[in-house]
2 protein chains.
Amino acid sequence: MNGLMMEYHLTLDRILEHANHISPHKRITTLQPDGTLHRYTYADLYRRVKQLAKALVALGVQPGDRVGTFAWNNYQHLELYYAIPGAGAVCHTLNIRLFPEQLSYIVNHAADKVVFVEGSLLPLYERVADQITSVQHYILFNTPSDTQTRLPNVLFYEDLIESADEDFAWRSTDEQMAAGLCYTSGTTGEPKGALYSHRSMYLHALGAGQANALGVRETDVVLPVVPQFHAMAWGLPYACAASGADIVMPGLHLKPEPLAQLIEAERVTIAAGVPTIWTGLYHELKNNPRDISCIRALVVGGSAMPRALTKAYESELGVNVLHAWGMTEMSPLGTVCNLSSQHAGLSDEQKWDIKAKQGYPICGVEMRIVDELGQELPWDGRQMGELQVRGPWIIRQYFKRDISAESFTPDGWFRTGDVVTMSPDGYMQIMDRTKDLVKSGGEWISTVELENAIMAHPQVLEAAVIAIPDAKWQERPLAAVVLTPDAQALTSADITTFLEDKVARWWIPETMIFVDEIPKTSVGKFDKKVLRSRYAEGQLG
Amino acid sequence: MNGLMMEYHLTLDRILEHANHISPHKRITTLQPDGTLHRYTYADLYRRVKQLAKALVALGVQPGDRVGTFAWNNYQHLELYYAIPGAGAVCHTLNIRLFPEQLSYIVNHAADKVVFVEGSLLPLYERVADQITSVQHYILFNTPSDTQTRLPNVLFYEDLIESADEDFAWRSTDEQMAAGLCYTSGTTGEPKGALYSHRSMYLHALGAGQANALGVRETDVVLPVVPQFHAMAWGLPYACAASGADIVMPGLHLKPEPLAQLIEAERVTIAAGVPTIWTGLYHELKNNPRDISCIRALVVGGSAMPRALTKAYESELGVNVLHAWGMTEMSPLGTVCNLSSQHAGLSDEQKWDIKAKQGYPICGVEMRIVDELGQELPWDGRQMGELQVRGPWIIRQYFKRDISAESFTPDGWFRTGDVVTMSPDGYMQIMDRTKDLVKSGGEWISTVELENAIMAHPQVLEAAVIAIPDAKWQERPLAAVVLTPDAQALTSADITTFLEDKVARWWIPETMIFVDEIPKTSVGKFDKKVLRSRYAEGQLG
């Protein structure tokens, strides 16, 4: 027997309708390419989204069509987040940092019918234009209407919006309809697409909005530094609309100085980004102090936040750091690291130990860890296992790919590829990627833990550890280390000494390379594939 | 084209699994009939729920069967909240305050197959036992195993649990399955049942858990004074499990003194109940002061919280009051009255004006107001209209009843029967029930607003206003007034004078009746049906 509740589809247009009804006056602020601020309200957003959706339909966009975006974080990109799914189509956010061959692969694989390109990124996109086979229309924005381009069939964004009125009935009529598409940047193999549904994105917004998760409130001012082309900006735009929070978009201004200025001027309360962004911001603020204590949650994801950086933000800048973890395949939110009632009595140092973990799964995300034979492991905080996840905002399959054993278990869980520990109270800590682990003498060494230990040294800016072949031990760790600008002739012997009371002695790398920077992937993570190829045989490059 | 996300059913067992994984150590505390505290954890709850669900299946409970509960708020009742739906059956909470003929009607109408009865309520239930036709088993709890009863086929709760082990696979396999059943106490006509699904209750838990809604967190200690037989205790038990909050259950101890003691001793942070409970608690605390400032949200629903009482709690007791509004048909949460960013600069008095409203709809609940012709009205804070609602946790039909025009619009919205105003920023204020409005000289008088104005008098404990026939004006208001114990010879002329600068002069009732108490319905609301019959012609009773 079924319940007798309304058949109410969880579609993204309903989140926008909610914002327009309850928070029409709340503000969306964008730092534009020229450095000026564009401000408008959710009511403005709503009106333009309706026009844009109607114009897309008039342009020939059909339900299920993929519509690409190639843009920074701004109000136009936010409009596309609603207009494309509202027109029944799929918002395919293209990662502007991909290599050209990856970008053209993705546009063609998705068969994008329309692509929106931001003016400042036009040269970047034009490099691949000749390889693109599917696109029928390009729409340019944030660029003068006499912009010359090699792209065919070009329209201008404001013309498109003005071509339609607001009288439009949403075409997102079923919660199972595809709404968004993001490809993983994957350091190995071709990029793979996660095809989100309206339902999964709506549920993710409710999940993220829980007080026990990110807890976005009406009184918040949210700055997604995380790009909109990266897992839908961690779903923050939708969580903001669901709660009526103000949004601040940084546009292309991702350097520390303008970010610091924006945070201070707009009284940002929640800022979200990867650790490298916050590393840069921290050093900027040390040189040019500003008060950013308006931030009640500095959300960090994408890769692990070094404990030392968390400590620095909390103890020196008065900013609460909220470690989070997720994946493109998870929409992306999996865990958050709020402290729990049991941590109330801990010292600050003990709290930072907890905050270095990725946190507990939010309601809606199920987790388990398994050993190499697929046997489930206990949550004892010590045993490392592969993390597998399940939930309503996690993919069951990649777009246009078969379900592979590499990514999915026979009983339908997603294999994250992370090796983690789980504490008895559900706090997850990533120890490594399965493929990055160093297997030395039959034992595992967590490269992540080793990196964090090295980065705890005050004169180390960044450190990445990879496995190199070793005749005796099978594999040994190699550390690539970036020193801070003011570091004084630090040697590998100094680091070895520093590590001695922090990790097991056999973990300490014999080989340390001092480099100017660690190679990074398009989303800012350490690119260990590049490192491995560079130091394949352990030689010094 | 559909998204490629996991087909993950939103079922209540998954909320319990979450709590058992993440918060196994968190506490559930019950004030037992004998005044002692029973304490255990979510891990204990989980284990016993598994046993109980398995035992129910062994007893012959089939998917879709209705299983009744007749109990106060306690851990056993909480176990039933999960075990019955987890066994695939429907948890039908019976209102212990119903008249016997209503109770027997409901049990028979729902065709309950099994009913769980708490010992202290056994005499109450036995009164209707002869009228019950459907029940095959009664399970008694909180009562000695040699209890004598007229009920047939009696088992004892602990025996039932011990009869099964924990090895049980949840039978709640589809989110559309019915999970809960609550009948409205309805002051007119037969009670009507709201049949909740797993999906609606899961979504309600996520909705209520949003920071912008009730915002239950892991660090909270939640006291549902609202009965578990009243709209699933406003969904709080599920929201608590979703976030890992501690739960405190008051059992049958709903008098002000034990409640005050419980709140202080258990450091309750969220307490939820109807205004009459908080009126009593306030007067208790004035006589026997205790520190209850641990409460960060005193959630008030069921009927309107008088502004004066909100002010008293906030200014005298240091307790933040959170007005909320909902209906059994809405699972129940519709609105909450958190202050918004725009209220930051207001004075306390202005803030209490806002807090006297029912608040804004939470994400997931859509609202509109219409006039008598069904035309939608603007949200201008002035025009009164009938409130209609829509959303994933609102009923589309009553159990075993046709869809009536009285309750549902042709386009599928639920008619709340409330007359409200909506402010431009979405704050709803209930002006009256459609059937309670006084129509005087062609104009509407809001009885609720008039009652609040009278109750603002320091010597008035409660006031209820009804319409009485009037030869000249068609209808005029009559006020039934209860004075505080220490009131000194207050007259209707005093109240008239008091009202003169608070409401329009023509609103002031010519007829005021001083009574010892206002008749109440089974859920503690003013019973205007009784008042109307008592003062049908305006005579003084």
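This briefing describes strand pairing, helix packing and the contact between two chains. The structure is a predicted model. In chain A, an open sheet of 9 strands is described, together with a helix that packs on it. In chain B, the crossing of helices α7 and α9 is described, and the contact between chains A and B follows.

**The open sheet of chain A**

- The 9 strands of this open sheet in chain A follow the order β2-β1-β11-β10-β12-β13-β14-β15-β16, and their pairing is mixed.
- The edges of the sheet are formed by β2 (37–41) and β16 (360–361) of chain A, each of which pairs on one side only.
- Helix α2 (residues 42–58) of chain A packs on the sheet, where it touches β1 (27–31) and β2 of chain A. The direction of α2 makes about 85° with that of β2(A).
- Within the sheet, strand β10 (residues 221–224) and strand β11 (residues 246–249) of chain A run parallel and are joined by 2 bridges.
- Opposite A:Val222 stands A:Ile247 in β11(A).

**Antiparallel pairs in chain A**

- Strands of a sheet pair through backbone hydrogen bonds, in either a parallel or an antiparallel manner.
- Strand β17 (residues 366–370) and strand β18 (residues 385–390) of chain A run antiparallel, with 5 bridges between them.
- A:Met367 has A:Val389 in β18(A) as its bridge partner.
- β18(A) also pairs in the antiparallel sense with strand β19 (residues 414–422) of chain A, over 4 bridges.
- A:Gly385 has A:Val420 in β19(A) opposite.

**Two crossing helices in chain B**

- The axes of helix α7 (residues 198–209) and helix α9 (residues 236–243) of chain B come within 9 Å and cross at roughly 70°.
- Angles of 65 to 115 degrees count as roughly perpendicular, and α7(B) and α9(B) are therefore roughly perpendicular to each other.
- The crossing of these two helices, α7(B) and α9(B), is right-handed.
- On the α7(B) side, the residues in contact are B:Met201, B:Ala205, B:Leu206, B:Ala208 and B:Gly209. They meet B:Tyr238, B:Ala239, B:Ala242 and B:Ser243 in α9(B).
- By class, the residues of this contact comprise 7 nonpolar, 2 polar and no charged.

**The contact between chains A and B**

- Chain B gives 53 residues to the contact, and chain A gives 53 residues.
- On the side of chain B that touches chain A, the elements giving two or more residues are α1 (12–22), β8 (178–183), β9 (193–197), α7, α9 and β16 (360–361) of chain B.
- That side of chain B has 25 nonpolar, 22 polar and 6 charged residues.

Conventions: Residues are numbered from 1 along each chain as its sequence is written. Chains are lettered from A and ligands numbered from 1 in the order in which they are written. This is a predicted model: local features need pLDDT of at least 70, side-chain atom pairs count only at pLDDT 80 or more; totals for chains, interfaces and linings use all residues. Two strands pair if DSSP finds at least two bridges between them. Axes are lines fitted to C-alpha atoms, for helices over the stretch in contact, and angles run from 0 to 180 degrees between N-to-C directions. Angles under 35 degrees count as roughly parallel, over 145 as roughly antiparallel, 65 to 115 as roughly perpendicular and the rest as oblique. A crossing is left-handed if the near helix is turned anticlockwise from the far one by less than a right angle, and right-handed if clockwise. Two residues are in contact if their C-beta atoms, placed from the backbone, lie within 7 Å. Ala, Val, Leu, Ile, Met, Phe, Trp, Tyr, Cys and Pro count as nonpolar, Asp, Glu, Lys and Arg as charged, and the others, Gly among them, as polar.
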